[in-house]
Amino acid sequence: MMNRLNNLATLQIDSSRKISFIFRGKRYYGLEGDTIATALYSNGIRIFARSLKYHRPRGLYSLDGECSNTCMEVDGIPNVRCENTLLKDAMEIKEQNVKGSLENDKMSVIDKMDWMMPAGFYYNTMHKPAKIWPIAMKQIRKVAGLGTLSPDFKMTGKYDEIFPTTDVCVIGGGPAGMSAALSAAGKGLRVILLESRPVLGGFFEYRLKEYKEGQSFHERARELAAQVEEAENIRVFTHASMIGAYNNNLITGFQIGRESDCFDERYIEIRAQSVIVATGCIERPLLFENNERPGIMQTGCALRMAHTYGLLPGKEAVFSIGHDLGLETAISLYDLGLKISCVADIRREGQDSELVAQLRERNIELLKGSVATMAHGAKQVNKVTIATVNGTASQDYNCDLLVASAGLTPVTSAITVVRGRLKYDDHTGYFLPDQMPEKMHATGRVLGLDNALAIESSGRLAGLQAAFDCKACSIAEIGEAENELEKLPGPTQGTKLVIAPVKGRKSFICFDEDTTIKNINQAIDKGFDVPELIKRFTSAGTGPGQGGIPGHNLPLYVAQYQKLPSISIRSTTVRPPIVPTLLSTYAGTNHAMFKRTPMDEMQREDGGVFRNIGVWQRARYFSNDFSCKAEIENVRSNVGILDGSTLGKFRISGPDAVKALERVFVSDMSKIKEGRVKYSAMCNDDGCVIDDGIIVKQGENDFYFTTSTGRAGSTIEWIRYHTRYDGWDFHMVNLTDSMGVINLSGPNARKVLEKIVDIDISNEAFGFSEYREFKIKDTISVRAMRLGFVGELSYELHVPSSYMKSVWLMLNEAGKEFNIRNFGVEAQNVLRMEKCHIILGQESEQRTNLLDVGLGFLWDRNKPKAKTVGAVALRQAESDQTRLKLVGFKMENSGRAPRDGSLIVDEKVRGYICTARDSFTLKEGVGMALVEGDLTKIGTRLEIYEDECGDDRIYGKVVQMPLYDPEGTRMKM
Amino acid sequence: MALTITCPICGKRNGYEFKFGGEERGPRPDEKDLTPEAWCDYVHMNNCVAGVQKEWWFHRDGCGSWFTIHRDTTTNFEVEKAEAEK
Amino acid sequence: MFSKQKPLWGKKKKLKSSYDVVLIGGGLHNLATAYYLAKNHGVTDIAIIEKNFIGFGGAGRNTAIVRANQRTQHNVPLYKEALDLWPVLTKELDYNLMFNNCGNLNLMHSEAAMKAARTTISTAQFHGVESHLIDAKEAKELVPALNISDDITFPIHGAMFHPPGGIVRHDAVVWGLAKGAAEKGVEIHQQTEALAVGTKNGKVTSVTTSEGVINTKQVLISAGGYSAGLINGMLGIKLPISVLTIQAMVTQPLKPLLNHVVSSGAYHCYANQTLKGEIATGAHMDPWPNYTNLSTAHFIKHQAEALCEFLPCLKGVRFMRIWGGLADMTPDMAPILEGNNHFDGFFMNCGWGYFGFKSCSSAGKYMAEYMATNHCPDMLKPFALKRYEEHKLMGETAALVSYSPDN
């Protein structure tokens, strides 16, 4: 294990607390505060992964997950970015995408075959002859993909979600973000601050350079962080990455929990009034040959390795950089004991003179106007060629570490995903915000600033701008803050170099997808001339690093290759999630939610087999005999009880209630008599029947009506929609959940019911199709209807939900002597099918109108003033004989019933079976089908085509409906 | 995208509380002499505007009212009535 | 394969002042139409007018699933032919479209859904398309990652398995057809916007573009989600179309895990694994018309919730990228293909919703025949606009609908 640097104020590791973990089956140790990658690095691991296509060795390059270079399998989860995943006790870590080991990957031979694989080569190969493609495809699938996920993988850990609202959301907890949060909070606003690293501070946090006399950048970061943490109205989420930004200021992210938290990860969705983007900069990768060899890392990575994790990243280093942070890093690391062969700076001039002097003091060679052109070493860098930027002179330097960084680039994804616009800025060489989305403000390094005081000042300004959005700040105050910022240094000039003077055969513009500069050239030559098309053709930027590596370089390089002016350079598209996010984190706490009827528990106790039906759970069967023979026969010969509580139930009242009913129901609703049940249907504007139900009159302008279960949720919406221009005065209440429904059916139903009610319910006193209201035991008010859906003597009792159980128990008690029993939805389905009563959606579909299902008798055609929904279409389609119409049928020669959904055919499909069963009642196979008009005549032979029937057909013939009890005596008895 | 809709009764709320109810088409036409073409136009045909349109919304998870707003279909932002009718 | 790189769809040409045929929209349907006009009918004086770049719209934003298990007999033959054309086109275009005929598994979560599936399956089998109803255990054998236990929101009852379906590399189809059309003389004009269609005496006469006016007697508008707006804006023809943004997303790449396309109506979700190893998934739409192409926070969360239930191992995978595209939805989930109806020489091909990718080859082939002969092929007759006036919607969805824009 490497020795760690001690006594650095910036360290985030606790050297007294060792953490053990398993890597490739062997036990290793790291320290608390380590990421998996830094722990592995301290154990001498330098190759962390093999690349996707060429299986090139890959090492630690950034520490913020900008590429897939450190993706490994951790505790069964593939593609974990080890560089910014904190090490936990007993973690099991494995390499992925290798044949052999990371050090000796047999697949790495592909690296030599790149000449065979120009950009998009797969489009031109492997299809001739056609039969090799399936074989090739199998191989492609095997070698593609990074990690492996077992189909039996079981996620452990706790995943949560929160949906906070706030006045101001600040993305990024660096100096600008913290300053912004403090200034907005100072205006009395509620602020949420998101920081993706475990600690606040941004690029101040890990730097020991002087911020001002007697205070380092690190100390300044701690000072600001302390103020933020003290502020009561700032809610800080550390270790929380922003993953999405949406218009109207919705920000999403996720937070990784600490040991003490009650979650491992949680999804955060923030609705803010104003958003501040303080996401800082990342580094722009330097393009040269073998620019991704292990041993090459970015400046921030090298510095944080030492300052945050106490690890000197190498023994002898070469620097090839293009900005002052690179010089600062060289000085800091030198002072910690790193040998530095030379520092090549792309810039010929413009370096901070103080930093140059410090380099000179330390005898570190500074090569201005120079750049690395090639890294040597098979698996790890051992030598670097440094050349002048025009490629005229070169020299090799031995080293085991190359710190490489072309420049910086602002992190603007939060702006661009909301369709904010960026503009390429010639001075800084950055894509800077040009048009900000509404109520979103950029600040700090995102604006190209690099002076520390200016960054903080710009943060304070952004905080006030956000406060202005929340009406908590005046224009004058913003003006003052703008003046303050203007007095401070603006953005400094950035480097323009896009690529070192090389051909680019192995200069990788995208590490994740192994896309080289040469591949980009090939794509452009093929006619793919805009970055978005090049991305599609070469896959550059479509890997796990979310475009962090190629994001800036790709458009610059494409413009350079095509010799386009810089004004035409457009940044590439970024898409959420900005940080790859676990599905379990997005899912959070995911509960299945269904509605249950008042009888749910009792029916389960009675052996009910439940199914999801729309938003409800309902008892479909009451035994394991899914043909429901016993349930059906009991209703036909005795008495059964069914829970119908899921029916939609509504009250509509008011002076215009009848008009509203007339608009949506096809029947004449003005003639509903008190004490009678009216059956009717609703259509849509194509005349297709969408609902049926009963209506009863409860009083003057006061009606109670039912809808099918599925329509209960949208009936008020429907009626209000179709009367929205009329200004009618009526009121509706959805009583679906407050009323339960009991269906008591069978020849003995009356004998059971009369035992618990006081009124006369004889057929003479309470006949078929009649409605009564009464009380049971002077307490429970019941609305009772004589209906016949299942074709037997039936009472439908509408009971307040809270009394449902009582009435149910009373009926069961009363029915004991008859052996009353439950029947479920499937038994009801068969019973009503025998009676040819339809269920919408089963005997109808999108194309089926009221006339097609034989419900034309419900339609009152003499009410054009009502403008009834569907009436126009019904009239227009009335004579159309080509529509599918509902018929009843029996099977020929006592054959079995066909399976539901089978087809009616001749040379063509002529219809299909809606519901069919081997009827226990009728002792034959019967059913209903929708068939074309010319097949509806009684006696027509139906040729039935079932799935998997081959050449076999079965036949039925059209018969009169209803099939059972055609006179209807049983339901009227 | 994160649509918000301003309900005349409940104020600005999350768009997922609402149901879209189609482009503004005016009241139901008289049934007399209505041709299939005219009826089809009323029932099915849309303008498919890429820009601001007047449209109906229903506050399903709220007060249960139908109301109209102006919305820019290219951004999903609501537009003030006065601005929309300019 | 190692030869010098040449522009795949020809060098940039200057727009001429007249063409025999102008196709507005550089997406799959027009590329296919152009290819077949040239190949089957010898019509080569064609300009494809594209505002952005070819494949900018739905062609490059779909999740590349192909299948022929539609519900009605009007649709199945068209999709069957499209499915059969992938290997043929790979050969003809000499461009690997990477057809992975891995089969589609459509999960059923109730008895009612099983019944509905049987109609679809029987219709497929009746038309010679392989498709089977299987039970939950058989489904699990095909996709070991499936959760077939009862403890999920929508327990799996069974599935419709459609072996000949699968996935095709969508970009390859765009570029391959563009290459094939260009080789036969078709001109593809990118970054050229069509502004107006000129007519005189009920006949098409010209197309005005951002690069000049083109005289022509035949125009086809097939611009995916933008078609309905263009057709109404340019010619005042309103269509029964709602344009919605539909989203899709991919996870980080994995070694082979899903060997079939898996979809579920109840969960509003499908998932398949691309050749690169990403799990591509999508399905849900925000049910209000818009042209934003933007993704939503709501949807990506919904998608995760759904996948974590029926493919629970995916809890351990990360989403990497989500995007949106446009779907032009009709009330009956079937397209509108018309010609010489409102104006002589004016054709439209739109309303595909999210079925535009899987149908492009056969639709293009028959549209080409329609334009070349001015005679509607039988295959396209059911898709006339007239059906809405006649209240005879196609019945492609089994469910009762009350015409919400997303059906």
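Two strands are said to pair if DSSP finds at least two bridges between them, and that idea is the key to the opening stop of this tour through a predicted model.

**Stop 1: a strand pair across two chains.** Select residues 581–582 of chain A, which form strand β32, together with residues 318–329 of chain C, which form strand β17; these two strands pair in the antiparallel sense over 2 bridges. If you then pick out A:T581, you should find it standing opposite C:F319 in β17(C).

**Stop 2: the contact between chains A and C.** Now widen the selection to both chains, where 82 residues from chain A and 73 residues from chain C take part in the contact. If you colour the side of chain A that touches chain C by residue class, its residues divide into 38 nonpolar, 27 polar and 17 charged.

**Stop 3: the contact between chains C and B.** Keep chain C in view and add chain B, since here 24 residues of chain C are in contact with 19 residues of chain B. On the chain C side, the elements that give two or more residues are α7 (227–235), β13 (242–251), α8 (297–310) and α10 (386–389). Which of these elements gives the most to the side of chain C that touches chain B? It is α7(C), with 3 residues. Sorted by class, the residues on this side of chain C comprise 14 nonpolar, 8 polar and 2 charged.

**Stop 4: two helices in chain A.** Next, select residues 657–664 of chain A, which are helix α18, and residues 715–722 of chain A, which are helix α19. Two packed helices are described by the angle between their axes and the distance between the axes. For this pair the angle is about 100 degrees and the axes are 9 Å apart. Angles of 65 to 115 degrees count as roughly perpendicular, and α18(A) and α19(A) are therefore roughly perpendicular to each other. To see what makes the contact, show the side chains of A:A660, A:R663 and A:V664 on α18(A), and of A:W718, A:I719 and A:H722 on α19(A); by class, this contact has 4 nonpolar, 1 polar and 1 charged residues.

**Stop 5: a hairpin in chain A.** Finally, select strand β14 of chain A, residues 240–246, and ask whether this strand is mostly covered or mostly uncovered. The strand is mostly covered, with 7 of its 7 residues buried. Add strand β15 of chain A, residues 250–256, which runs antiparallel to β14(A) and is joined to it by 6 bridges; within this pairing, A:Y246 stands opposite A:L250. The two strands form a hairpin with 3 residues between them, and in the turn A:N248 has a positive phi of about 65 degrees.

Note on methods: Residues numbered from 1 in each chain as written. Chains lettered and ligands numbered in written order. Predicted model: local features only at pLDDT ≥ 70, side-chain atom pairs only at ≥ 80, totals over all residues. Contact = placed C-beta atoms within 7 Å. Nonpolar A, V, L, I, M, F, W, Y, C, P; charged D, E, K, R; others polar. Helix = DSSP H or I, 4+ residues; strand = E, 2+ residues; numbered from the N terminus. Axes fitted to C-alpha atoms, helices over the stretch in contact; angles between N-to-C directions. Parallel < 35°, antiparallel > 145°, perpendicular 65-115°, else oblique. Buried ≥ 20, exposed ≤ 12 C-beta atoms within 10 Å, placed from the backbone.
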